[in-house]
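Biologist: Before we discuss any assignment, I should like to see the model itself. Please then justify each term that you apply to it.

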Amino acid sequence: MHAIKAWLLYAAFLTAVALIGFGHLTDHPFDLDNGLYLVDSAKSSGDWAFFFSADKHFAGRPVTELVLLFGYLAAGENPAFFHTLAIGFHLLASLLLALACSSLGADRMLSWSTGLLFLVGVAHFHAVFWISAIAYPLAFSFSALALIGYARYTATADGRWLAGLYAAAL
């Protein structure tokens, strides 16, 4: 089977598993620190300078804060949207992990098994159930992208992969 077609089928399979395993979260309410992130997003949406302020409840995670701000601008305080966003980033992290394993030389079955087990693993359930923990699949996705960039750069010596590695690591 052609490699791209096989990876697309794998992505469709993981998406189905994510929908079956996490689809119920669209009815899940906000929990713990989720509301405080939304308060910060609401203030930032009215005053962009507040986005860069140290007076936020959880200052210091600009990528996470930006994702949550854009989510807030798109959907307001809709928990279903934010939980779907968290599931989407968790799914992306699982796919990128499988691709990183493959890029580092693991065979397809091992790579795919790794991505599947990461998706359904219960050890990191907070990253899926709490929107405030969206930082974890985001950070993991960038780490996996950095690994992919490293593997591709060492295999090809193409400077674009090195630039991608640095961008993902940054």
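Biologist: What makes R160 exposed?

Modeller: The model is a predicted one. In it, R160 has a relative accessible area of 66%. The term exposed requires over 50%, so R160 qualifies.

Biologist: Why is D158 counted as partly exposed?

Modeller: The relative accessibility of D158 is 24%. Buried would require under 20%, and exposed over 50%; D158 therefore counts as partly exposed.

Biologist: Why is the contact between R160 and D158 called a salt bridge?

Modeller: The closest N and O atoms of R160 and D158 are 2.8 Å apart. The criterion is a side-chain nitrogen of Lys or Arg within 4 Å of a carboxyl oxygen of Asp or Glu, so the pair satisfies it.

Biologist: How many salt bridges does this rule give?

Modeller: The count is two. Besides the pair of R160 and D158, the side chains of E65 and K56 meet at 2.0 Å, N to O. Both E65 and K56 are buried.

Biologist: Which residues line the largest cavity?

Modeller: The lining consists of Y37, D40, S41, S44, F51, K56, F58, E65, L68 and L69. The salt-bridge partners E65 and K56 are thus among the lining residues. By class, the lining has five nonpolar, two polar and three charged residues. Helix α2 (34–46) and helix α4 (62–75) each supply at least two of them, and α2 gives the most, with four. The volume of this cavity is about 60 Å³, and the structure holds one cavity of 30 Å³ or more.

Biologist: How do you know that the length of helix α1 agrees with expectation?

Modeller: Helix α1 comprises 20 residues, 3–22, which at 1.5 Å a residue should span 28 Å; the end C-alpha atoms are 28 Å apart, so the two values agree.

Biologist: Which residues of α1 are buried?

Modeller: They are A6, W7, Y10, A11, L14, V17, A18 and F22. These residues cover an arc of only 140° around the axis, and therefore lie on the same side of α1. An α-helix has 3.6 residues a turn, so residues three or four places apart point the same way. The face of α1 turned away from the buried side carries the exposed residues K5, L8, L19 and I20.

Biologist: What span should helix α8 have?

Modeller: The 22 residues of α8, 135–156, should span 32 Å at 1.5 Å a residue; the end C-alpha atoms are 31 Å apart, which agrees. The buried residues of α8 include A135, L138, I148 and A151. Just after α8, A157 takes a positive phi of about 60°.

Terms used: Residues are numbered from 1 along each chain as its sequence is written. This is a predicted model: local features need pLDDT of at least 70, side-chain atom pairs count only at pLDDT 80 or more; totals for chains, interfaces and linings use all residues. Side-chain values use heavy atoms; hydrogens and water are left out. Helices (H or I, at least four residues) and strands (E, at least two) are DSSP runs, numbered from the N terminus. The expected span of a helix is 1.5 Å times one less than its number of residues. Buried means under 20% relative accessible area, exposed over 50%, partly exposed in between (1.4 Å probe, protein chains only). The arc is that of the directions from the helix axis to the C-beta atoms. On a 1 Å grid over the protein atoms alone, a cavity is a set of points where a 1.4 Å probe fits but cannot get out, and a pocket is an open set with protein on both sides within 12 Å along at least five of seven lines; lining residues have an atom within 4 Å of a point. Grid points are joined across faces, edges and corners, and a volume is the space filled by probe spheres set on the points. Ala, Val, Leu, Ile, Met, Phe, Trp, Tyr, Cys and Pro count as nonpolar, Asp, Glu, Lys and Arg as charged, and the others, Gly among them, as polar.
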